[in-house]
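I sat down with this model to look up where its ligand sits and what empty space is left inside. Here are my notes, in the order I made them.

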Amino acid sequence: MILTPEEQSMLAGDHGRAAQTAMRILAALGKIYGARRMLPVRSVQIAGVSYDNLGEAGLEWLTEMADGGGKVRVPATLNPAGMDLENWQALGIPADFAEKQLRVIEAFTRMGVTPTCTCTPYLACNLPQAGETLAWAESSAVCYANSLLGARTNREGGPSALAAALTGRTPEYGMLLDQNRRPGITVIVTAPLVDTSDYGALGKNIGERLEAAGRKAIPWIAGVREATLEQWKSLCASIATYGGLAMFYIPGVTPEAAGQTPPRESFTVTADDLRTAKASLTDANAGEADFFSLGCPHLTLPEVARIAGLLRGKRVAKEFWITTSRPVKLEADRLGYTEAIEASGAKFAVDTCCVVAPIRGRFRAMATDSAKACYYASSKNKFKTRLLDFDAVVNEALEK
Ligand code: F3S
């Protein structure tokens with residue numbers, strides 16, 4: 001791998017211990033994947049922020065990197081943490097966990113990372129442009145950046161994303177190369193898509209079918225003409241979760257689609273397929289859910305406004321988390337949505353989400369509109385799940 005003089009000097013330790021460790025990580029990655037050189041990155045998005053995932057070893061490593069003089073060279077933002085950084089007590093987060101989580105955030109901020117704590121960085125001060133090279137880690141945001149924005153990023157791990165932030169570089173391989181960004185299979189969607197939960201179910205069906213066929217082909221999705229930002233982010237989250245995919249093409253939407261040819265090989269997603277995918281994410285009965293959550297990926301302001309409209313003047317009967325980013329919450333405060341939501345008994349869970357918070361085993365069953373949240377609720381938190389339409393999640397949570 002050819003390194004520039006500056007990259008060599010980072011590797012030699014001239015820029016401090018942390019930059020040296022970071023360059024070692026990237027050089028090793030580059031070697032594994034056969035990269036010929038490093039590319040400068042425009043921005044970084046770091047996952048592995050929750051202490052629930054990092055544990056003591058992760059916290060120690062981050063502290064060492066901060067103590068070793070680590071400083072970001074490009075804009076870098078954070079994925080959700082394990083708790084609302086300001087209001088963790090209201091979510092029932094234990095004090096000892098909070099103390100560790102705050103130390104994680106302190107290590108990141110000491111290195112110059114902006115603690116946005118959101119999985120929708122493209123809505124909160126980290127919006128890439130087409131053609132830019134990124135080093136992002138959150139799988140749903142990676143898929144969004146590649147598919148909707150036309151930026152280029154591999155799905156980084158926590159250490160490689162931090163290493164990219166501290167050096168401003170990433171090895172050139174995978175999704176950064178033209179030949180790995182070509183569509184490999186056409187997916188014809190005849191199923192009607194209305195709700196965010198439909199887009200999540202679509203991602204599940206496509207992802208699982210490609211996985212089952214042992215294919216990592218980038219799907220060319222035909223038949224999905226128009227969708228909202230909220231629906232796209234739901235599709236991105238789910239297709240990345242169930243298929244490990246970092247990109248899809250939507251003709252007329254994906255910036256790079258114009259230069260590509262639809263692949264001949266194809267399969268179809270029907271209304272029946274969608275119904276089956278949705279049904280497979282519901283193993284709890286109506287009335288069994290004791291935990292409700294909307295905001296995977298993090299809610300946009302229009303979604304918060306919708307929830308406020310549905311909850312105004314009503315009461316929820318169960319624990320209900322509204323998960324979003326700090327900037328969206330601040331706008332919600334200003335516009336009166338927070339008041340309406342909190343008066344109902346629902347809680348904002350800002351900076352965090354129902355997957356990365358330490359709530360394993362705390363509830364019996366969770367209701368949500370997110371196919372991705374269902375996956376982790378079951379696999380990580382051991383909850384039963386109910387995949388419902390967005391409005392139905394709110395309605396089922398209400399006092400009857
Ligand atoms: Fe975001 Fe948490 Fe879902 S990080 S995509 S809300 S699992």
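Before starting, I noted that domain bounds here come from an automatic or database domain assignment. I also kept in mind that this is a predicted model.

**Entry 1: the ligand shell**

I began with the neighbours of the ligand, counting a residue if one of its heavy atoms lies within 4 Å. The ligand is surrounded by Pro80, Cys119, Glu138, Ser140, Gly295, Cys296, Pro297, Cys353, Val355 and Lys372. Sorted by class, I get six nonpolar, two polar and two charged residues in this shell. Which element gives the most to the shell around the ligand? That is strand 9 (residues 291–299), with three residues.

Then I checked the domains. Both domain 1 (5–178) and domain 3 (291–397) contribute to the shell, so the ligand lies between them.

**Entry 2: the pocket**

Next I asked which pocket the ligand takes up. The ligand's space turns out to be the largest pocket. I noted a volume of about 450 Å³ for this pocket. Its lining counts 26 residues, and those closest to the pocket centre are Asn79, Glu138, Val355, Val356 and Lys372. Glu138, Val355 and Lys372 were already on my list of residues around the ligand.

For the lining of the largest pocket, I wrote down eleven nonpolar, ten polar and five charged residues. Helix 5 (139–149), strand 9 and helix 13 (371–379) each bring at least two residues to this lining. Strand 9 again gives the most, here with four residues. Domain 1 and domain 3 each provide at least three residues of the pocket lining.

**Entry 3: the cavity**

I then turned to closed space. How many cavities of 30 Å³ or more does a search of the whole structure find? I found one. The largest cavity has a volume of about 60 Å³. Its lining is made of Thr196, Glu230, Lys233, Ser234, Gly295, Cys296, Pro297, Leu299, Glu303, Asp369, Ser370 and Phe390. Gly295, Cys296 and Pro297 caught my eye, since I had met them around the ligand too.

By class, the cavity lining splits into four nonpolar, four polar and four charged residues. Helix 8 (229–243) and strand 9 each supply at least two of the lining residues, and strand 9 gives the most, with four. As for domains, I noted at least three lining residues from each of domain 2 (184–277) and domain 3.

**Entry 4: looking back**

Strand 9 is the one I will keep marked: it is the top contributor to the ligand shell, to the lining of the largest pocket and to the lining of the largest cavity.

Note on methods: Residues numbered from 1 in each chain as written. Predicted model: local features only at pLDDT ≥ 70, side-chain atom pairs only at ≥ 80, totals over all residues. Heavy atoms only, no water. 1 Å grid on protein atoms, 1.4 Å probe; cavity = no way out; pocket = protein on both sides within 12 Å on 5 of 7 lines; lining within 4 Å. Sits in = over half its atoms within 2 Å of the grid points. Nonpolar A, V, L, I, M, F, W, Y, C, P; charged D, E, K, R; others polar. Points joined across faces, edges and corners; volume = space filled by probe spheres on them.
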